[in-house]
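The questions below work through a single model, moving from individual residues to strands, cores and charged pairs. Each answer sets out its reasoning before it arrives at the value or name requested.

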Amino acid sequence: MARLLLVVGVLSTFLVPSLWSRGIGHIPPPPGLPLPTMAEDFDLEEGRLTVTLHEDRGLIEGHAVMWGKLYGPAPHFPFLVHSRAQVPKLLTADGLRLKGKRAGHRMDVLLPVSPRRPKYVGIRVEWLVKVGGPAASGEIAPFLTPMGAYLPSDLFWHPRGIKGDKARWQLLVKMPRHWKVEGIGKERQRFMSKGRVCYRFRLDKPVEAMAFVAGPFEQTANRPFYGGRVRSMTLANRTDSPVRDHVTTAVKVLNFYKRHLGNPHFHRYTLIDMPGAPRGLPDGAPYRVASEMHFSVVASPPELAKGPYLEFLGTELARYWFGQRVKFNDNLGEALSLYLGMLAVRKFDKKTNFLMSARAKAQRYLTAAAYRQDARISGIRGLGENVDRGTYEIVVRNKAPILLLCLEQACGGLKAFMRILRKFVYHHRDGHPVGWPQLMDVYEKDSGVDLSNFALLYIDGPGLPPDVAGRIGYDSLPEPVSEGSDSQ
């Protein structure tokens, strides 16, 4: 018996430390939902950001505290930050200075090696970003001026995780006292601190990015919609902005979607007129637009919501509508949003503008495909995941809407196809992620049309259906006049 106790004692001396080092006694996980493992065995789980806008210098000053979960043996804490941002300080939660390796957007923080390194670690980051003023043409660029700020999600002015950011965030924005803010997330608090107005947001759901727009705004329109509202905001004392009239068009478009597809989980959408170039610049675009989930930013807005601007507005409303109802595991959600944006033009503008939009998309795709810039729709997961931006634009945003228009024609027209889409949304609302296979399954069962060859040739293969111009109707349009031609 004595020998047995001696053996047990000796074994416990060696086994207990090894078991402890394997994680039996690790720090309990923070509250919240379990999150999937990210690239390189790291999860960014929680973050708190404080962002101060220095509008007189066009400077963003930020402080972040981030908590991450480590899986692999390498003591690295990776995150992304904008390539123009300076990161002067990296600290542990208790103030120990850290070193980091940087390559473009990516920064790897080197954690101190420890035999009992905890599974959950926190770091503090300070960064500075210099942002310019609004561009005279093209899409709205991120800018910060005394007249307002627009900071979109693709400007990584805040630290975020590798690939998709599945963390929960709290965002505190400090700005001039007379400014108002429209941001992604739920506004929890507004207060004053040291002569600045502060907005605190809490993002209750895992998100991929954050964005906001701020300035001396006044609300100019506020229209109710099923369970939500559509409103417009313009700079103070500016009475000539037409965005208030665009709210009426937006409500009409949403009523059109609701009539065919049912009630959305719609809460709020805001159109914001930001400072930009004067209207009618001969060398610039007539208007410039950008969108972030539940708000759209417009510079030099057109007088009427027509043509390409109406298609943009309808696309963004559809993207927000679908994003609140169905989860997608491929690019179908983007394709459906673009398709509905084109339908908004066909419904509330001239049919010629709709046909010109369809022809332009088809020609862009065919031109790129001739140079072998093609890919299978079924093989594209998402922008930045397995294809570059150019391929995504060509295939998903040009070819895919044309295929949906062909499916509309094949099943008997708009009403029949909308009935199919309504069944698709009804069966998969708030459920598991779905995509092209599930849509085609519903399509075949409802219409009786076999899509086997269609999927094989055009979803899983390159090209467009034969006589696509005649199917959609843009073969009736006159040929576009190329620059430098001798047209009369």
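Q: Does Leu 310 count as buried or exposed, and at what relative accessibility?
A: In this predicted model, Leu 310 belongs to helix α3, which covers residues 307-323. The helix is mostly covered, since 14 of its 17 residues are buried. Leu 310 itself counts as buried because its relative accessibility is 0%.

Q: Which residues does Leu 310 touch, when those up to four places away in sequence are not counted?
A: Contacts of Leu 310 include one with Asp 349, a residue that is 39 positions away in sequence and 8.3 Å away in space, C-alpha to C-alpha. Leaving out residues up to four places away, the partners of Leu 310 are Thr 249, Val 253, Ala 305, Ala 344, Val 345, Phe 348 and Asp 349.

Q: What is the distance between the end C-alpha atoms of α3, and what span should its 17 residues have?
A: Helix α3 has 17 residues, which at 1.5 Å a residue should span 24 Å. The expected span uses one less than the number of residues. The distance between the end C-alpha atoms of α3 agrees with that expectation, at 24 Å.

Q: Which residues of strand β14 point one way, and which the other way?
A: In a regular strand the side chains alternate between the two faces of the sheet. Strand β14 spans residues 212-215, and these residues are all buried. Phe 212 and Ala 214 point one way, while the other way is taken by Val 213 and Gly 215.

Q: Which residues stand opposite Val 213 and Gly 215 in β14?
A: Strand β9, residues 148-151, pairs with β14 in the antiparallel sense over 3 bridges, and strand β11, residues 180-183, also runs antiparallel to β14 and is joined to it by 4 bridges. Opposite Val 213 stands Tyr 150, and opposite Gly 215 stands Lys 180.

Q: Which side chain of opposite charge is nearest to the buried Arg 196, and how many ångströms away is it?
A: Arg 196 is found in strand β13, residues 196-203, and beyond its neighbours within four places in sequence it is in contact with residues including Thr 52, Leu 53, His 54 and Glu 55, as well as Lys 174 and Phe 191. A salt bridge requires a side-chain nitrogen within 4 Å of a carboxyl oxygen, and Arg 196 has none although it is buried. The nearest side chain of opposite charge belongs to Glu 55, at 4.2 Å.

Q: Which helix gives the most residues to the largest nonpolar core, and how many?
A: In soluble globular proteins, nonpolar side chains tend to be buried together. The largest nonpolar core here has 77 residues, and Tyr 257, Tyr 339, Leu 340, Leu 404, Trp 436 and Tyr 474 have the most contacts inside it. The helix that gives the most to this core is α6, residues 389-410, with 11 residues.

Q: How many residues are in the second, separate core?
A: Leu 111, Leu 155, Phe 201 and Met 210 are among the members of this core. The core is separate from the largest one, and its number of residues is 58.

Q: Which residue forms a salt bridge with Glu 182?
A: Glu 182 lies in strand β11, and its partner lies in strand β17, residues 268-274, so that the pair links distant parts of the chain, 86 residues apart. Glu 182 counts as buried because its relative accessibility is 2%, whereas the partner counts as partly exposed at 34%. The closest N and O atoms of the pair are 3.1 Å apart, and the partner is Arg 268.

Q: Which residues are joined into one network by salt bridges that share partners?
A: Within helix α3, Arg 319 and Glu 316 are 3 residues apart, about one turn of the helix, and their side chains meet in a salt bridge at 2.5 Å, N to O. Glu 393 and Arg 397 likewise meet in a salt bridge, at 2.4 Å, and they are separated by about one helical turn because they are 4 residues apart in helix α6. Through shared partners, the network joins Glu 316, Arg 319, Glu 334, Glu 393 and Arg 397.

Terms used:
Residues are numbered from 1 along each chain as its sequence is written. This is a predicted model: local features need pLDDT of at least 70, side-chain atom pairs count only at pLDDT 80 or more; totals for chains, interfaces and linings use all residues. Side-chain values use heavy atoms; hydrogens and water are left out. Helices (H or I, at least four residues) and strands (E, at least two) are DSSP runs, numbered from the N terminus. Buried means under 20% relative accessible area, exposed over 50%, partly exposed in between (1.4 Å probe, protein chains only). Contact means heavy atoms within 4.5 Å. Two strands pair if DSSP finds at least two bridges between them. Lys and Arg count as positive and Asp and Glu as negative; His and the chain ends are not counted. A nonpolar core is a set of buried Ala, Val, Leu, Ile, Met, Phe, Trp, Tyr and Cys residues joined through side-chain atoms within 4.5 Å.
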